[in-house]
Amino acid sequence: MSLNHSTVVTDDIVEEHVSPTVYIGAAIALAVIGFFGFTMNLLVAVVIVKDAQTLWTPVNVILVNLVVGDFLVAALGNPVALVSAITGGWYWGYKVCLWYAWFMSTLGFASIGNLTVMAVERWLLVVRPMKALSIRNTMLLGFFVWVYALCLSVPPFFGWGSYGPEAGNVSCSVTWEVHDPVTKTDSYIGFLFIFGLAVPVLVISSSYVAILLTLRKVRKRAGSRGRLEAKITKMVALMITAFLLAWSPYAALALAAQYFDKGERKRSKSS
């Protein structure tokens, strides 16, 4: 895969005057998040694999797929940003910035894809149990989650949208605030918003509305198995809620930077 010439823009790495205290705080936060992300995700994967005969259920197949992505973020993504925070700015050069941005974006899209599949799996199990997903079907959906994530993250390598440093130059991501008619950043970010956030949130919300309505009707008749599935459904709901609460402000700021702040950054003609 080669980088389109309009995507590689070396002058997008700009010097920003940021207080050393901010970098220290970012380094501490990244170290804590990286440690717990690495440890907890590894622990979940080991527990499920160790007791696969009991725990290898459709919902746990998706959970492992989610854990793999989160583990890669903690093991490979966080250390890169941590070193940059410690050194007071992006340390790795622009090409690494592009690949890091693509890597982390892919994992982020895979996370919301996995959470969407988990919501659908819960919906089928609770609302339409006769059509509940099998382990084989769930593994197939897990594979398509990665295809979905790549479809969202690959376009900048072919000239639609771009990657670059984020504010503070500690990490890299989609260049939300760059307005470039050549790479059509506005349409790419609109594409990400629709298919990377709006559609998944709509599917998740619809699934849980149907689940809540169904559980309200059958709660009195549910046996021990039904209560167990209800607890798992609540756990999945909490995971999804936490994810959306964590990322919604970022998504809102990214959209605001692209569509409501047209004078922020423009791509150089020479790039």
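Is Trp160 buried, partly exposed or exposed? Select Trp160 to find out: with a relative accessible area of 29%, this residue is partly exposed. Keep in mind throughout that the model is predicted.

**Stop 1: an aromatic pair**

The structure contains 13 aromatic pairs. For one of them, keep Trp160 selected and add Phe191: the ring centres are 5.1 Å apart and the planes stand at 40°, so this pair is tilted. Trp160 sits in the loop between helix H5 (135-153) and strand S1 (163-165), while Phe191 belongs to helix H6 (residues 185-218), so the pair ties together parts that are 31 residues apart in sequence.

**Stop 2: an aromatic cluster**

Next, select Trp99, Trp102, Phe157 and Tyr163. These residues form one aromatic cluster.

**Stop 3: the salt bridge**

How many salt bridges does a search of the whole structure find? The search finds one. Select Glu121 and Arg122 and show their side chains, which meet in this kind of contact with an N to O distance of 2.8 Å. In general, side chains of opposite charge can pair when their charged atoms come close. Now check how covered the two residues are. Glu121 has a relative accessible area of 5%, so Glu121 is buried. Arg122 is buried too, at 1% relative accessibility. The cut-off for buried is under 20% relative accessible area.

**Stop 4: Thr116 in helix H4**

Select Thr116, which is found in helix H4 (residues 94-127). Its relative accessible area is 13%, so Thr116 counts as buried. Which residues does Thr116 touch, leaving aside those up to four places away in sequence? They are Pro200, Val203 and Ile204. Add these three to the selection to see the contacts around Thr116.

**Stop 5: Asp180 in a loop**

Move on to Asp180, in the loop between strand S3 (178-179) and H6. Asp180 is buried, with 6% relative accessible area. Add Thr183 and show both side chains: a polar contact of 3.1 Å joins Asp180 to Thr183.

**Stop 6: a nonpolar patch**

Finally, turn to the surface and select Ile24, Ile28, Val32, Phe35, Phe36, Met40, Leu43 and Val47. Together they make a nonpolar surface patch of about 770 Å². Pick out Val47, one of the patch residues. Val47 is part of helix H1 (residues 20-50). Its relative accessibility is 41%, so Val47 counts as partly exposed.

Key:
Residues are numbered from 1 along each chain as its sequence is written. This is a predicted model: local features need pLDDT of at least 70, side-chain atom pairs count only at pLDDT 80 or more; totals for chains, interfaces and linings use all residues. Side-chain values use heavy atoms; hydrogens and water are left out. A salt bridge is a side-chain nitrogen of Lys or Arg within 4 Å of a carboxyl oxygen of Asp or Glu. Buried means under 20% relative accessible area, exposed over 50%, partly exposed in between (1.4 Å probe, protein chains only). Rings of Phe, Tyr and Trp (its six-membered ring) pair if their centres lie within 6.5 Å; planes under 30 degrees apart count as stacked, over 60 as edge-to-face and the rest as tilted. Helices (H or I, at least four residues) and strands (E, at least two) are DSSP runs, numbered from the N terminus. Patches are made of residues with over 30% relative accessible area and no salt bridge: like charges are joined within 9 Å, nonpolar side chains (Val, Leu, Ile, Met, Phe, Trp, Tyr) within 5 Å. Accessible areas come from the Shrake-Rupley method with a 1.4 Å probe; for residues, only the protein chains shown count as cover. Contact means heavy atoms within 4.5 Å. A polar contact is a pair of N or O atoms within 3.5 Å; within protein, one must be able to donate a hydrogen and the other to accept it, and residues adjacent in sequence count only if both atoms are side-chain atoms.
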